[in-house]
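The exercises below ask the reader to work through a protein model, with the sequence and the coordinates at hand. Each task is followed by a solution that goes step by step.

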Amino acid sequence: MNRLETAERRYRTLVSNELLCKSRVDRYRELPVTELEAWMEQYVVPGVEELWERPSFQELAAWPQHNLVVNTGTPERLAIEAVDNALVTAARALETLSRPKRIAAKLVEQNPPRELVASGTCVIGDNSEVSRDGSDTFDELAMVRQQVINIREKSWTDLVCPLDYFTPTGDRMFQDVLFTPTGRRLQAAEFVTSLNPRLLPVGDFITRCLMTRIDGHVTVLERFRRMLYTALRASGGSYRKQQSAEQAAWNELQSNVNQTRETCMMGPDFHRRDAAIVLAQVFVSYVPSADAAWLDLPEEIIDAHRGTLRYEVFSRRNLEVVERVANALNEIHRLLQELPEGLSAFEEAVASGGLVLRRQPRVAYWKTEKISADWEKLKKPWEMLWQLASKARSGSEVDAHDLYDQIPADSTMYNRWRRLEELLPTPLAKHVAPGNSRATYRLRLSRDEVQLFTGRLQERSDSNAALGRNSSRVHHQAPRR
């Protein structure tokens, strides 16, 4: 556990407070980028490696996927769905209040289209210059009205995008997205980390992008609401019923947004989750062999972001990235101090109860008790048990494709399960039930009740250690597990 503390101390010798206080240009020029790259590889990565398979760390680092996305049913998800509904209700109430003729007329009168004069020179693809002089008409009212209609019709698929984990990806989550002439999707400016300081360069992008989407919709409604109430006062009419309904919808929206912000982005729990996510992003970026299946993200998303933080540190010289990594080390170090001293990741998982499997060497625990079976010799039952546990974490079921290259008879799957059932404790076996499809089986345990240890990190450490013994050119010894 001292690796994290050592990494923190080493960082403070590389980056002084004087450097942090200098201008961006000076920081870029004076940043000890080679030393920081070595610090990430030789201090941070070994420290995170000791955390990688800990249930407490995994719970924090994968919290957004397990608590914010659709169908999770958590209090945080219910709060997000309440905001979702409140946005639609508030947009409808504003539209209802804007329909009376006197108010509609005042809206147009007070917000006429404006003429924008545009002139200047630009350079196009063939490096030729094009001069332009002219004017365009900008109808702010029409634009805002259309945005309110989009909110009323709920033109987004969801407010949460789990693919935002490593970098903002989901944009505004609209059904219709914009594309550049080359066919690539055009990212809205508020979802570009270099343009929106609130997103930060690393950390919990899923939650921050969630709040960015919510704030964007609220800003649109607030903009139209100001126009509307100005027109309402100028109209001289009395529309108490519509105004009362709009005020109630607006208050409900504000209350739900505040609750979601407080639940998802405030307090020590959020700071710990944010720190764990920062370290997970670092580890995936610096360790190509890292088994990140427990993040419950598509493999192509994980693979696409291996090495991205190396670019931020080494090429872009982004001091904010390494500073946030150092702060994350400090935050997680405090968390680990609360765990019993000397408790390994595997021991922590066993002590927490549930089903715990380790692939190398094969061993299984249920409710802190070891399942007495010679799993090294029982290859087929072990494969089915592993598949049941792995599928349980994703909420799916095991079918013949998971165990056989060619689809066998239904009786083969049944006999394979009966053989495994004989080896399991009765309380655990009762959690296995037929799946929704024919000849399939499901382990009815929640994600938190199943822990899998693949042993890949151990393999990597062992191979690195062997390389260090056999090659005089290699001086870095892999950390002991």
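**Exercise 1. The sheet around β4**

Starting from the bridge partner of Tyr-365 in β5, work out the order of the strands in the open sheet and identify the strands at its edges.

*Solution.* The bridge partner of Tyr-365 in β5 is Lys-370, and this model, it should be said at the outset, is a predicted one. Two bridges join β4 to β5, and these two strands run antiparallel.

The next step leads from β4 to β3: strand β3, residues 355-358, is joined to strand β4, residues 363-366, by four bridges, again in the antiparallel sense. Within this pair, Leu-355 stands opposite Trp-366 of β4.

On to β8: strand β3 also pairs with β8, residues 450-453, over four bridges, but here the sense is parallel. Val-356 has Gln-451 of β8 as its bridge partner.

Put together, the four strands form an open sheet in the order β5-β4-β3-β8, with mixed pairing. Because β5 (369-370) and β8 each have a single partner strand, they stand at the edges, and one side of each is left without a neighbour in the sheet.

**Exercise 2. Backbone geometry in the loops**

Locate the cis peptide bond that precedes Pro-361, and find the loop residues other than glycine whose phi is positive, namely Met-173 and Lys-367.

*Solution.* A general expectation helps first: most residues other than glycine have a negative phi, and most peptide bonds are trans.

The peptide bond from Gln-360 to Pro-361 is cis, with omega near -10 degrees. Pro-361 belongs to the loop between β3 and β4, and the hairpin that joins these two strands does so through four residues.

Lys-367, in the loop between β4 and β5, has a positive phi near 55 degrees although it is not a glycine. With a relative accessible area of 44%, Lys-367 is partly exposed.

Met-173, in the loop between α9 and α10, likewise has a positive phi, near 60 degrees. Its relative accessibility of 14% lies under the 20% limit, so Met-173 counts as buried.

**Exercise 3. Helix α10 and the cores**

Describe helix α10 from its start to the residue that follows it, and then decide how much of the helix is buried and what it contributes to the largest nonpolar core.

*Solution.* At the start of α10, a side-chain oxygen of Asp-204 comes to within 3.4 Å of the backbone nitrogen of Ile-206. The helix covers residues 205-235, which is 31 residues, and spans 44 Å from its first C-alpha to its last, close to the 45 Å expected at 1.5 Å a residue. Gly-236 follows α10 and has a positive phi, near 75 degrees.

Of the 31 residues of α10, 22 are buried, so the helix is largely enclosed by the rest of the structure.

The largest nonpolar core has 94 residues, and the residues with the most contacts inside it are Trp-39, Trp-52, Leu-221 and Ile-332. The largest share of this core, 13 residues, is supplied by α10. A second core, separate and made up of 31 residues, includes Ala-392, Val-398, Tyr-441 and Leu-443.

**Exercise 4. Two residues in contact with Arg-114**

For Thr-137 and for Glu-140, decide whether each is buried or exposed, and list their contacts beyond four places in sequence.

*Solution.* Thr-137 lies in strand β2, residues 129-138. Its relative accessibility is 61%, which is over the 50% limit, so Thr-137 counts as exposed. Apart from neighbours within four places in sequence, Thr-137 is in contact with Pro-113 and Arg-114. The C-alpha atoms of Thr-137 and Arg-114 are separated by 5.6 Å, while the two residues are 23 residues apart along the chain.

Glu-140 is in helix α9, residues 140-152. Its relative accessible area is 18%, and Glu-140 is therefore buried. Residues up to four places away in sequence aside, Glu-140 touches Arg-114, Arg-223 and Met-227.

**Exercise 5. The whole protein**

State how many helices and strands the protein has, and what share of its residues is buried.

*Solution.* The protein has 20 helices and eight strands. Of its 481 residues, 46% count as buried. Among the contacts with a separation of 6 or more, 68% are between residues 24 or more positions apart. The protein exposes about 25,500 Å², of which carbon and sulfur atoms supply 48%.

Note on methods. Residues numbered from 1 in each chain as written. Predicted model: local features only at pLDDT ≥ 70, side-chain atom pairs only at ≥ 80, totals over all residues. Heavy atoms only, no water. Pairing = 2+ DSSP bridges. Expected span 1.5 Å × (residues − 1). Buried < 20%, exposed > 50% of the residue type's maximum accessible area, 1.4 Å probe, protein only. Polar contact = N/O pair within 3.5 Å; in protein donor to acceptor, adjacent residues only side chain to side chain. Contact = heavy atoms within 4.5 Å. Core = buried A, V, L, I, M, F, W, Y, C linked by side-chain atoms within 4.5 Å. Areas by Shrake-Rupley, 256 points an atom, 1.4 Å probe, with all protein chains shown as cover.
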